[in-house]
Amino acid sequence: MNGKKGSNNIEINIPCSVTKVKQHESSKGEEGEGGGGGFSLKAWVWNVWEFAREDSNRVKFSLKVGLAVLLVSLLILFRAPYEVFGTNIIWSILTVAIMFEYTVGATFNRGFNRALGSLLAGVLAISVAQVALSSGRVAEPIIIGFSIFIIGTITSFMKLWPSLVPYEYGFRVVLFTYCLIVVSGYRLSMGNPMRTAMDRLYSIAIGGFVAVLVNVLVCPIWAGEQLHKELVNNFDSVADSLEECVRKYLEDDGSVHPEFSKTVMDEFPDEPAYRKCRNTLNSSAKLEVLAVSAKWEPPHGRFRHFFYPWSEYVKVAAVLRYCAYEVMALHGVLHSEIQAPYNLRITFQSEIRDATNHAAELVRSLGKDISDMKRSTRTSLLKKLHSSTERLQRAIDIHSYLLTSPSEPPDTYTYSKPLTRLSLTLSNTFSDAASQLADLDSSNSPEKNSSQQLNQSTQQQQQPEPNNYHELMRKQSRRQHYSWPPRQVDAFEEEGSAGDYLPRMKALESTAALSLANFTSLLIEFVARLDHLVEAVDELSKLAKF
């Protein structure tokens, strides 16, 4: 943001983020073309290795799918089973490819829809085929075509019904299984749809059995375990992001700031915890899918009782996102254009750090309780958190004059020092009052009056005039991080009279100081929301019998 002074107008140039992003992408493309950048086998292999090492379950899942397809393909490769089932055994391979999912629960869910849809489609196909056969050669294709239209219309409409959305795959199976059985039976089976339907149902059952058997017995990936780990990781991400944001806010002296384009595009490479917290906010759909899949899984591992409360995990995750929104708001204040002076921020750093550390400790404690599936007493943590938050509120309340009263811009020496707080000046109150009483006693003497007049005249001479202040601000440059808007002092002088711009500048400085009040209020709101998070975790531990 560059402020430029013209003859009569003030221009504020803000760089366009979209333009910068396009220029960055074009420069990268030119480097790739001109720099000989092409397909690199070594880089591709390294990316695949990193992707596989990030989550070993991806490799296990791929190997299990290959094993299941191989086992079903043996029914075709060996002559004996092929003579029994014939070409219909292809349906087993198709069933494995469609039904095999990443987790055991998702495979059971998909298998249920597949089995129910195939059974319903087979019954409908056999019934319609028998009616069509008894109607004669002329009416048979008409009845089959009309039935295909009706089945396609009904299944497509029903899978859009809100309460039937979880069974959307089942309606799709009904449609294509019915169409394939009826049409192929009409042309290939020479009037024997019953045999065609039964052979294909057998093939589908074999494929489903192999898919479930391999997924459960060979390195099973449980959706419940995935949901459990994902929720615990979200707790750690929120705690890490909170500490990272507060630490950068208190350590940032205004010397280094990200570009406007990076702020808009959420590109903060030096803040890894922020990206994890952002992923936490975007994980609601993933957790809901895992919870639905986990309901289909039998008792396993640490989850040994039936009807495990997987839906409570989704509720806890929702409350955690409710808290994570405040962390993202704190991050927004951290990278906002209006910033409080550095010496004002470090004035309250002890109270802010205490509240932040206790809040992060409580969040990690809740995540650890879920991870260990144990219930621990959190009374001491809650007391420490509430007392530290009350100290922060009291400090802001007592020293609120630092946030509202206009003060002189800090120079390079005092910018890194905290401001004087009221608690540090209370000890001088009585000595100041005594000196004032002594001044009142001696105010009647003519020598004292003359000396006071001389001192007053000297102080008036030493007080900076508006013009002198204007020159001083020219040297120090108004475009510092604590001021807003980032304009030169000349802009105030041109907009009004010479004696009017100084109060307006001080008012803008007071507005910048209120950024600290905004940051602390968001932190206090985060602590208030933690009470709901504690209640949600307690409810989960009670229903899950931790």
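These are my notebook entries on a predicted model, covering confidence, salt bridges, a nonpolar patch and some helix packing.

**Ground rules**

I number residues from 1 along each chain as its sequence is written. Since this is a predicted model, local features need pLDDT of at least 70 and side-chain atom pairs count only at pLDDT 80 or more, while totals for chains, interfaces and linings use all residues, and side-chain values use heavy atoms, with hydrogens and water left out.

**Confidence**

I looked at pLDDT (the predictor's confidence in each residue, from 0 to 100) before anything else. The chain averages 74, and 68% of the residues score at least 70. Confidence is lowest in strand S2 (residues 10-13), with a mean of 39, and highest in H16, at 92. My helices (H or I, at least four residues) and strands (E, at least two) are DSSP runs, numbered from the N terminus.

Two stretches got a flag from me. Residues 406-416 have pLDDT below 50, and the model gives this stretch 21 contacts beyond near neighbours in sequence. Over residues 440-499 the pLDDT also stays under 50, and there the model has 68 contacts beyond four places in sequence. Contact here means heavy atoms within 4.5 Å. Where pLDDT is low, the predicted coordinates should not be read in detail.

**Salt bridges**

How many salt bridges does the structure hold? I get 15, taking a salt bridge as a side-chain nitrogen of Lys or Arg within 4 Å of a carboxyl oxygen of Asp or Glu. Side chains of opposite charge can pair when their charged atoms come close.

I checked Arg137 with Glu140, where the closest N and O atoms are 3.7 Å apart. Is each partner buried or exposed? Arg137 counts as exposed because its relative accessibility is 65%, whereas Glu140 is buried at 6%. The cut-offs are under 20% relative accessible area for buried, over 50% for exposed, and partly exposed in between (1.4 Å probe, protein chains only).

Arg364 and Glu243 meet at 2.9 Å, N to O. This pair links distant parts of the chain, with Arg364 in helix H16 (residues 349-372) and Glu243 in helix H10 (residues 223-251), 121 residues apart. Both ends come out partly exposed: Arg364 has a relative accessible area of 27% and Glu243 has 25%.

Arg378 and Asp538 form another salt bridge, with the closest N and O atoms 2.2 Å apart. Arg378 sits in the loop between H16 and helix H17 (379-398), and Asp538 in helix H24 (residues 501-544), so this pair also links distant parts of the chain, 160 residues apart. Arg378 is buried at 8%, while Asp538 is partly exposed at 27%. I also noted that salt bridges sharing partners join Asp240, Glu243 and Arg364 into one network.

**Two buried polar side chains**

Ser541 is in H24 too. Its relative accessibility is 4%, so I call Ser541 buried. Outside four places in sequence, Ser541 is in contact with Arg375 and Phe546.

Glu326 is in helix H14 and, at 8% relative accessibility, counts as buried. What does Glu326 touch, not counting residues up to four places away in sequence? I found Leu522, Glu525, Phe526 and Arg529.

**Nonpolar patch**

Leu67, Leu70, Leu71, Phe209, Leu213, Leu217 and Val218 make a nonpolar surface patch of about 630 Å². Helix H3 (56-77) and helix H9 (193-217) are the elements that give two or more residues to this patch. Patches use residues with over 30% relative accessible area and no salt bridge: like charges are joined within 9 Å, nonpolar side chains (Val, Leu, Ile, Met, Phe, Trp, Tyr) within 5 Å. Areas are Shrake-Rupley values with a 1.4 Å probe, and for residues only the protein chains shown count as cover.

In H3, I looked up Leu67 and Leu70. Leu67 is partly exposed at 33%, and Leu70 is partly exposed at 46%. Leu67 touches Val214 and Val218, leaving out residues up to four places away in sequence. The C-alpha atoms of Leu67 and Asn215 are 10.0 Å apart, with their positions 148 residues apart along the chain.

**Helix H13**

Last entry: H13 (residues 284-294), where the buried residues are Leu287, Leu290, Ala291, Ser293 and Ala294. Why do I put them on the same side of H13? They cover an arc of only 165° around the axis, taken from the directions from the helix axis to the C-beta atoms. An α-helix has 3.6 residues a turn, so residues three or four places apart point the same way. The buried residues of H13 pack against helix H6 (104-133), H10 and helix H14 (310-334).
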